[in-house]
Amino acid sequence: MTYWPPEAQMALKMTHDISAALLVGGVFFNYFLLRPTLKRIPPPQQAIVATRIGHLFVYLAYGTLALLFISGFLRLYQLGILDLESGFGGFFHSNFFKAHFWETKYARWLLVMIGGWAVAIIDATILTFVTRPILLKRLTLTPRPTPAGMQERRENQVRVAEWLERVVLINVIVTTAALIAGASLVYGGWI
Ligand code: HEM
């Protein structure tokens, strides 16, 4: 365990906790409040609201995921689980890479937290680079669309929107699991 002044430890914990609260709060808001509300408003307004909130949520998600990783990584260093002082070789000889560390319940819940974070990053990447660009095309005007073309596009949009919902639901599950894991780590892990 490396010595950090109490103020530095508190700042680190607060960064981690506030980022977790903002991320999980944002994910819950999207899935349980925004999604059902959007279904009740007409499609043109729906598209405008969803696009704007989608843009803002991308900043929130990537910002909080980055802060969670940096503060989590530094906490592992502060706790002596990661060695950042003995060079490259020392780093890979840290407790984090030793088999006996992974036999503890602390490590199991840490793995749930880091795993949840990793899946959330994959989800965010899919949302940003796959589903959102397809849905945003809905807003661009094609000069003379044919009825068949419009029908195909509509069916495609519905399919992508269904996938988007699934990805957001996965986000709800994995970030909540990471939050529960983090809360249990305060007491050394759950079971
Ligand atoms: C979705 C992502 C994450 C969430 C929701 C989350 C949540 C939490 C929460 C609520 C705590 C308890 C904080 C406290 O002591 O007050 C915590 C602790 C911690 N987290 Fe995370 N975390 C996430 C990602 C990460 C990542 C990516 C890492 C590592 C790279 C990490 C490493 C840690 C460590 C080392 C602790 C301290 C445990 C202790 O004090 O013994 N977390 N996390």
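1. Reading from the N terminus, the elements of the protein go α-α-α-α-α. In other words, the secondary structure amounts to five helices and zero strands. Keep in mind as you look around that this is a predicted model.

2. Now the overall shape. The C-alpha trace spans about 65 × 30 × 30 Å along its principal axes. The radius of gyration is 21 Å, while the globule rule gives 16 Å for 191 residues, so the protein is more spread out than a compact globule.

3. How much of the protein is buried? Buried residues account for 15% of the 191 residues. As for how the chain meets itself, take the contacts between residues at least 6 apart in sequence: 82% of these join residues at least 24 apart.

4. Helix α5 is a good one to trace by eye. It has 39 residues, which at 1.5 Å a residue should span 57 Å, and its end C-alpha atoms are indeed 57 Å apart, so expectation and model agree. The buried residues in α5 are Leu164, Asn171, Val174, Thr175, Ala178, Ala181 and Gly182. What do they pack against? The buried residues of α5 pack against α1 and α4. If you want a rule of thumb while looking along a helix, an α-helix has 3.6 residues a turn, so residues three or four places apart point the same way.

5. Two residues of α5 show how its surroundings vary. Pro147 is found in α5 and counts as exposed, because it has just 7 C-beta neighbours inside 10 Å and 12 or fewer is the cut-off. Pro147 is 17 residues from Val130 in sequence, and their C-alpha atoms are 25 Å apart in space. Ile170 also lies in helix α5, but it has 15 other C-beta atoms within 10 Å and is partly exposed. Leaving out residues up to four places away in sequence, Ile170 touches Val119 and Asp123. Between the C-alpha atoms of Ile170 and Phe96, 74 residues apart along the chain, the separation is 27 Å.

6. Next, the nonpolar cores. Which residues form the largest one? There are eight: Trp109, Leu110, Val112, Met113, Ala120, Val174, Ala178 and Ala181. The elements giving two or more residues to this core are α4 and α5, and α4 gives the most, with five. A second, separate core has five residues, including Ala20, Leu23, Val27 and Leu68.

7. Ala120 is worth a closer look, as a member of the largest nonpolar core. Setting aside neighbours within four places in sequence, Ala120 is in contact with Leu65, Asn171, Val174 and Thr175. Among these partners, Asn171, Val174 and Thr175 are on the list of buried residues in α5.

8. Then there is the ligand. Which residues come nearest to it? Of the 25 residues around the ligand, these are Ala20, Gly72, Trp117, Ala178 and Gly182. Four helices each supply at least two residues of the shell: α1 (6-38), α2 (43-78), α4 (105-136) and α5 (147-185). By residue type, the shell divides into 17 nonpolar, five polar and three charged. There is some overlap with the cores: Ala178 belongs to the largest nonpolar core, and Ala20 to the second one.

9. Over in helix α1, look at Asn30. Buried or exposed? Asn30 counts as buried, because it has 20 C-beta neighbours inside 10 Å. Apart from residues up to four places away in sequence, Asn30 touches Arg35, Phe57 and Val168. Asn30 and Tyr77 are 47 residues apart along the chain, with 34 Å separating their C-alpha atoms.

10. Finally, Gln9, which lies in helix α1 as well. With 13 other C-beta atoms within 10 Å, Gln9 is partly exposed. What does Gln9 touch beyond residues up to four places away in sequence? Its partners are Trp4 and Gln78. Gln9 and Val24 sit 15 residues apart in sequence, and C-alpha to C-alpha they are 23 Å apart in space.

Technical notes:
Residues numbered from 1 in each chain as written. Predicted model: local features only at pLDDT ≥ 70, side-chain atom pairs only at ≥ 80, totals over all residues. Near = placed C-beta within 6 Å. Nonpolar A, V, L, I, M, F, W, Y, C, P; charged D, E, K, R; others polar. Expected span 1.5 Å × (residues − 1). Contact = placed C-beta atoms within 7 Å. Core = buried A, V, L, I, M, F, W, Y, C linked by C-beta atoms within 7 Å. Rg over C-alpha atoms; globule rule 2.2 N^0.38 Å.
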